[in-house]
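Subject: Structure for you to look at

Hello,

Here is the structure I said I would pass on. Please open it first and keep it beside you while you read my notes.

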Amino acid sequence: MAKIPVSILTGFLGSGKTTLLAQILERCANRAIAVVVNECGQVGLDTQVLAHLRYVPEKMRLLQGGCVCCAYRQDLIDSLKALISDSCIDHVVVETSGIANPAPILFSLLHDVFLSQHFIPHNVITCLDGVHGFSHLKDNVEAQHQIATSNVVVITKTDLQDSFAKLSTLVASTNPTATLYDKARIDVACLLQESPTSPICATPPQHTHQYFRTLCLEFEERIDWSAFSLWLSFLLYQYGDRILRTKGIIRTEQACIALNGVQHIIYPPTHLSPTQEHLSQLVFILKDLDPQAIHTSLKTLFRALGVAFNPRHSVT
């Protein structure tokens with residue numbers, strides 16, 4: 001029985017992994033692709049967004065509460081083992097959290113006795129943000145690890161800023177064996193069809209990312225979108241350099257809105273189809289910032305609007 005190829009999709013916070021994954025799934029709709037999504041924090045927002053993009057949720061497995069490169073590696077192994085019974089699957093995509101080093105995932109695939117009999121690493125695909133990529137690589141060892149471990153690098157958002165040539169030079173100085181693509185100029189289906197262009201080697205994990213904090217909030221209260229967006233603008237103006245990632249699904253009286261932001265920038269919100277889920281969800285990935293500052297600020301906003309605010313929240 002042929003081994004099932006596994007592609008690892010990684011990239012720093014806000015680099016466009018989920019968008020690329022959704023586009024790959026749409027282009028490969030005739031294939032049986034299983035997806036394992038890892039979320040940094042307790043709220044699985046990516047799975048909700050992918051579900052709205054017509055992905056089949058029965059084939060999606062969600063790992064929460066950490067990153068597959070660290071404490072939840074066994075969770076990843078168990079999820080992959082559970083997929084083996086589905087004989088229809090011809091490819092697996094593991095989407096990591098934004099601060100994951102993919103090397104330990106490869107190590108698991110290659111050295112776990114059971115997994116190595118059924119799966120084979122295919123590609124490590126790293127998304128590199130065409131707008132923020134220079135600062136990501138300069139300031140974050142996680143982004144450097146992702147590039148160094150990849151054999152395919154997809155530079156995203158070149159439609160917003162044409163930085164492909166300069167970033168290609170920077171990537172080549174870190175990993176000269178990687179194949180580089182401009183996402184705006186490729187058929188994304190090729191990322192799963194092509195064979196790896198260089199050998200994949202993996203060593204046991206030797207890293208930490210202790211200075212990252214994740215604040216996850218869930219609340220039932222409906223909020224005025226205009227007031228919320230103004231609050232978020234002021235929050236990012238004050239702390240944007242320390243709020244690496246903002247993601248959320250906000251439910252107002254009129255709409256369900258998906259948020260997606262990187263540092264000071266919030267991309268145009270997306271209106272989602274209504275669902276039975278009634279909770280709003282917010283996730284902030286922070287660097288050198290006390291999560292309580294955001295929690296207190298949001299609570300003050302609700303108080304000003306005359307709305308009781310009793311969120312469920314977690315900090316990791």
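Two residues are in contact when heavy atoms of theirs lie within 4.5 Å. Among contacts in the protein chain between residues at least 6 apart in sequence, 79% join residues that are at least 24 apart. Please bear in mind that this is a predicted model.

Overall make-up

The protein chain has 316 residues, and 56% of them count as buried. Its secondary structure comes to 11 helices and 14 strands.

Strand S4 and its partners

Strand S4 covers residues 91-95, and 5 of the 5 are buried, so S4 is largely enclosed by the rest of the structure. His 91, Val 93 and Glu 95 point one way from S4, while Val 92 and Val 94 point the other way. Strand S1 (residues 4-11) runs parallel to S4 and is joined to it by 4 bridges. In this pairing Ser 7 stands opposite Val 93. Strand S2 (residues 33-38) also pairs with S4 in the parallel sense, over 5 bridges. There, Val 37 stands opposite Glu 95.

Helix H4

Helix H4 (residues 103-111) is mostly covered, with 7 of its 9 residues buried. Among the buried ones are Pro 104, Ile 105, Leu 106 and Phe 107.

Strand S9 and its partners

S9 is mostly covered too: 9 of its 9 residues are buried. With strand S10 (residues 256-262), S9 runs antiparallel and shares 7 bridges. The two strands form a hairpin with 4 residues between them. S9 also pairs with S13 in the antiparallel sense, over 6 bridges. Gly 248 takes part in both pairings: its bridge partner in S10 is Leu 259, and its bridge partner in S13 is Leu 282.

The largest nonpolar core

Which residues touch the most other members of the largest nonpolar core? Of its 23 residues, they are Phe 228, Trp 231, Ile 243, Leu 282, Phe 284, Ile 294 and Leu 298. Strands S8 (212-219), S9 (243-251) and S13 (280-287) each supply at least two residues of this core, as do helices H10 (225-239) and H11 (291-304). H10 gives the most, with 7 residues. Leu 282 is worth selecting in the viewer. Leaving aside its neighbours within four places in sequence, Leu 282 is in contact with ten listed residues, including Leu 215, Phe 219, Phe 228, Ile 250, Leu 259 and Leu 298.

Cavities

How many cavities of 30 Å³ or more does a search of the whole structure find? The search finds 2. The second largest has a volume of about 30 Å³. Its lining includes Phe 12, Thr 126, Cys 127, Leu 128, His 136 and Gln 146. Strand S5 (119-129), helix H6 (133-139) and helix H7 (141-149) each supply at least two residues of that lining.

Cysteines

Cys 127, one of the lining residues, has 2% relative accessibility; the cut-off for buried is under 20%, so Cys 127 counts as buried. Cys 256 counts as buried as well, because its relative accessibility is 7%. A disulfide is a covalent bond between the sulfur atoms of two cysteines. The structure holds 0 disulfides.

Regards

Note on methods:
Residues are numbered from 1 along each chain as its sequence is written. This is a predicted model: local features need pLDDT of at least 70, side-chain atom pairs count only at pLDDT 80 or more; totals for chains, interfaces and linings use all residues. Side-chain values use heavy atoms; hydrogens and water are left out. A nonpolar core is a set of buried Ala, Val, Leu, Ile, Met, Phe, Trp, Tyr and Cys residues joined through side-chain atoms within 4.5 Å. Buried means under 20% relative accessible area, exposed over 50%, partly exposed in between (1.4 Å probe, protein chains only). A disulfide is a pair of cysteine sulfur atoms within 2.5 Å. Two strands pair if DSSP finds at least two bridges between them. On a 1 Å grid over the protein atoms alone, a cavity is a set of points where a 1.4 Å probe fits but cannot get out, and a pocket is an open set with protein on both sides within 12 Å along at least five of seven lines; lining residues have an atom within 4 Å of a point. Grid points are joined across faces, edges and corners, and a volume is the space filled by probe spheres set on the points.
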